[in-house]
Amino acid sequence: MRFCIFLSVVLLCARAEPLVGEIPRQIPSVALEQALKDEDKHFEDYQTADRGVRVNSEEDNFYRKFFKKALDTTGTTTHDAMYLLPFSYALSTRPRNEKDLEAKFQFSFKTPVFRQIGTLPLNLYFAYTQKSFWQLYNPAQSRPFRENNYRPELFLNYQTNTSLYLNDWYVGTLEYLNIGYMHESNGGGVDYSRSWDRIVFVAGYKYYQTTVRYKLWARFKERPKENPQDAQGDDNPDITNYLGNGELMIEQRLGKHIFSATLLNALYRAKGSILLDYAYPMSNDLYWYAQVFTGYGESLYDYNRRVRRIGFGLGLFL
């Protein structure tokens, strides 16, 4: 009996040794790869089933890959201008308890919610912009924030990147088209509250070192207030008489210099404003920054009050 067992072991070992060298000849490489893939798939399905989740089909894998790509939110970038102006001086007179000299800053970013929806170069973005006015040089009033304007947005972005020609002459590139919803408010109480909601269309154009962005919006109507202390209703029914329904921004780069002009109320009969910005690099993404504003709508609370202001500080270009 022991001899038979011993003989069986010897025969198995003798047969096993040449098998190692014979695998490439007996099993084609394609079949071997397929066998390994099948085994990996069985192992993944076992793990999935062990977690109490339905075993994945090819359709499940397609949607999983789609949403993994669509929900890639690593592309957070700047949206509108970002700056910090420690010295922002109002040339127009402020109320008696406010200083003409204050600090002003704005930060703005956007992040993708969905990327490449379906097969189109269509992206869904969330954006947030905040502009603040800080009475930094007013210790008598405990250096308060005079006003904060909050502007969240949700918009669809279509990357057109379409070159434009006129009689075979290159006249620029239509870079993108956006359409979305924008809310803007100052978060104030009943007497101080200002807000409006808009559907906004944006077109972006570029010609070498010149960038143009045009915004066109339509405001959502709100019901009138029954009385001034009514918390519900329109806080600023005449805001479009001052801010219009359009904005045109033109940016020109000349070497290291960046000039931009923003015209509020472009192509609409309203009072509007002009904003001029200048930036010069200090290091990498950090720039010296200067700003001049004149007109209406620098802040929501003062939307119907003409303001003239100059400011100096730092800007961030990412």
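The legends below walk through several close-up views of a predicted model.

Residues are numbered from 1 along each chain as its sequence is written, and side-chain values use heavy atoms, leaving out hydrogens and water. Because the model is predicted, local features need pLDDT of at least 70 and side-chain atom pairs count only at pLDDT 80 or more, while totals for chains, interfaces and linings use all residues.

**View 1. The whole chain comes to four helices and 13 strands.** Helices (H or I, at least four residues) and strands (E, at least two) are DSSP runs, numbered from the N terminus. Of the 318 residues, 34% are buried; that means under 20% relative accessible area, with exposed being over 50% and partly exposed in between (1.4 Å probe, protein chains only). The accessible surface is about 20,100 Å², and carbon and sulfur atoms hold 61% of it. Areas like this come from the Shrake-Rupley method with a 1.4 Å probe; for residues, only the protein chains shown count as cover.

**View 2. Here is the largest nonpolar core, with 12 residues.** Such a core is a set of buried Ala, Val, Leu, Ile, Met, Phe, Trp, Tyr and Cys residues joined through side-chain atoms within 4.5 Å. Look for Trp196, Val200, Val202, Trp217 and Tyr303, among others. Strand 7 and helix 4 (239–243) each give two or more residues to this core. Apart from it lies another core of six residues, including Tyr83, Leu85, Ala279 and Tyr289. In soluble globular proteins, nonpolar side chains tend to be buried together.

**View 3. Some nonpolar side chains sit at the surface, in a patch of about 640 Å².** Its members are Ile117, Leu156, Ile179, Tyr181, Ile199, Phe201, Leu216 and Phe220. Strand 6 (169–185) and strand 7 (195–207) each give two or more residues to the patch. Patches take residues with over 30% relative accessible area and no salt bridge, joining like charges within 9 Å and nonpolar side chains (Val, Leu, Ile, Met, Phe, Trp, Tyr) within 5 Å. Leu156, in strand 5 (residues 145–166), is partly exposed at 32% relative accessible area.

**View 4. Strands 10, 11 and 12 line up through antiparallel pairing.** Two strands pair if DSSP finds at least two bridges between them. Strand 10 and strand 11 (residues 273–283) share seven bridges, and 10 more join strand 11 to strand 12 (residues 286–295). Thr262, in strand 10 (residues 257–264), stands opposite Leu275 in strand 11, while Ile274 stands opposite Thr294 in strand 12. Thr262 is buried, at 11% relative accessible area. Strands 11 and 12 form a hairpin with two residues between them, and Asn284 in that turn has a positive phi of about 45°.

**View 5. Arg309 and Glu102 meet in a salt bridge, their closest N and O atoms 3.1 Å apart.** A salt bridge is a side-chain nitrogen of Lys or Arg within 4 Å of a carboxyl oxygen of Asp or Glu. Arg309 lies in strand 13 (residues 307–316) and Glu102 in strand 3 (residues 101–114), so the pair ties together parts 207 residues apart in sequence. Arg309 is buried at 2% relative accessibility, and Glu102 is buried at 1%. A network of salt bridges links these two with Lys104, Arg146, Glu298 and Asp302.

**View 6. Arg219 and Asp234 form a salt bridge, with the closest N and O atoms 2.7 Å apart.** Arg219 is in strand 8, and Asp234 is in the loop between strand 8 and helix 4. Both residues are buried.
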